[in-house]
Amino acid sequence: FDVLETIEHADSLETAIEYATQIKRDGPHMLVQVRPYISDENTADGAILTLVNINEIQIAKDNLAAAEAALRQTNEALEHEVDVRTAELRSSQQLLESITKATPNAIYIYDLAEHRNVYANTYLETMLGYSVETIQKLGDEINQQLFHPEDLPKIQAHHAAIAQSHIVPYQVINQERPGDRSVFDIEYRVLHTSG
């Protein structure tokens, strides 16, 4: 162990030496400090050796390093999983987008809690003259801007009925109660960009 070699050369020490070492292969970890012993004549007359048992500290450091390595590995695996899922989602969204663009119907999704449109396909522009961007910019003013004023109370009642119905999401319906879907029909007038 390096301490013996260091002690043998103690007379040549000018400054303190400090290092951590393990005494034997399975032995304790020690902090070794070797300082020159300076005599009254200001000469190095030997060495002062201090050994401090740092085994618990070293075990804690080793455990921390192992935990950090495991955390890095888990983080990398999660990042990979996120990348895979993101790619799958992107592919699914592209498929859905191509379907909604190709359908000869206007499709829009209205958020009942936020009172705004969250999705509209491009056919809405063909049918009513509004671009998807224009629809999105209307925000919570969409009802007042696009729907006939006489139809607004009917639309608001319709939205309230849907919100109070506690509709179970389609995936749950599909698994637990196949065929049990609530359909809410309404007819109302929408203002075309031409007036």
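These are my notebook entries on pockets, ring pairs and salt bridges in this structure.

**Ground rules**

I am working with a predicted model, where local features need pLDDT of at least 70, side-chain atom pairs count only at pLDDT 80 or more, and totals for chains, interfaces and linings use all residues. Residues are numbered from 1 along each chain as its sequence is written, and side-chain values use heavy atoms, with hydrogens and water left out.

I took helices (H or I, at least four residues) and strands (E, at least two) from DSSP runs, numbered from the N terminus.

**Entry: the largest pocket**

I began with empty space. Rolling a probe the size of a water molecule over the atoms shows where such space is left. My rule for a pocket uses a 1 Å grid over the protein atoms alone: an open set of points where a 1.4 Å probe fits, with protein on both sides within 12 Å along at least five of seven lines. A lining residue has an atom within 4 Å of a point. Grid points are joined across faces, edges and corners, and a volume is the space filled by probe spheres set on the points.

The largest pocket holds about 380 Å³. I looked up its lining and found 13 residues. Nearest the centre lie Y108, Y110, H158, I162 and F184. Two elements give two or more residues to this lining: β4 (108-111) and α6 (152-164). Helix α6 gives the most, with four.

I then sorted the lining by type. Ala, Val, Leu, Ile, Met, Phe, Trp, Tyr, Cys and Pro count as nonpolar; Asp, Glu, Lys and Arg count as charged; the others, Gly among them, count as polar. The split for the largest pocket is 11 nonpolar, two polar and no charged.

**Entry: the second largest pocket**

The second largest pocket has a volume of about 210 Å³. Its lining includes N105, A106, Y108, L124, M127, L128 and I135. I also noted I142, L146, F147, Y188 and V190 there. Helices α3 and α5 (142-146) each supply at least two lining residues. The most come from α3, with three. By type, I get 11 nonpolar, one polar and no charged.

**Entry: M127**

I picked M127 out of that second lining. M127 sits in helix α3 (residues 123-128). Is M127 buried or exposed? I use buried for under 20% relative accessible area, exposed for over 50%, and partly exposed for in between (1.4 Å probe, protein chains only). M127 has 42%, so I call it partly exposed.

Next I looked up its contacts (heavy atoms within 4.5 Å). Leaving out residues up to four places away in sequence, M127 touches A106 and H192. N105 is 22 residues from M127 in sequence, and their C-alpha atoms are 8.3 Å apart.

**Entry: one ring pair**

I searched for aromatic pairs. Rings of Phe, Tyr and Trp (its six-membered ring) pair if their centres lie within 6.5 Å; planes under 30 degrees apart are stacked, over 60 edge-to-face, and the rest tilted. The count is one. The pair is F147 with Y188, whose ring centres are 4.8 Å apart; their planes stand at 70°, so I list it as edge-to-face. F147 lies in the loop between α5 and α6 and Y188 in the segment after α7 (170-176), so the pair ties together parts 41 residues apart in sequence. F147 is buried at 10%, while Y188 is partly exposed at 24%. Both residues also appear in the lining of the second largest pocket.

**Entry: salt bridges**

How many salt bridges are there in the whole structure? My rule asks for a side-chain nitrogen of Lys or Arg within 4 Å of a carboxyl oxygen of Asp or Glu. The search finds four.

R85 bridges to E81, with the closest N and O atoms 2.9 Å apart. They are four residues apart in helix α2 (residues 55-102), so about one helical turn separates them. R85 is exposed at 52%; E81 is partly exposed at 34%.

E114 meets R116 at 3.3 Å, N to O. E114 is partly exposed at 46%, and R116 is partly exposed at 31%.

D151 bridges to R189, with the closest N and O atoms 3.0 Å apart. This pair links distant parts of the chain: D151 is in the loop between α5 and α6, R189 in the segment after α7, 38 residues apart. D151 is buried at 6%, whereas R189 is partly exposed at 39%. Through shared partners, salt bridges join E150, D151 and R189 into one network.
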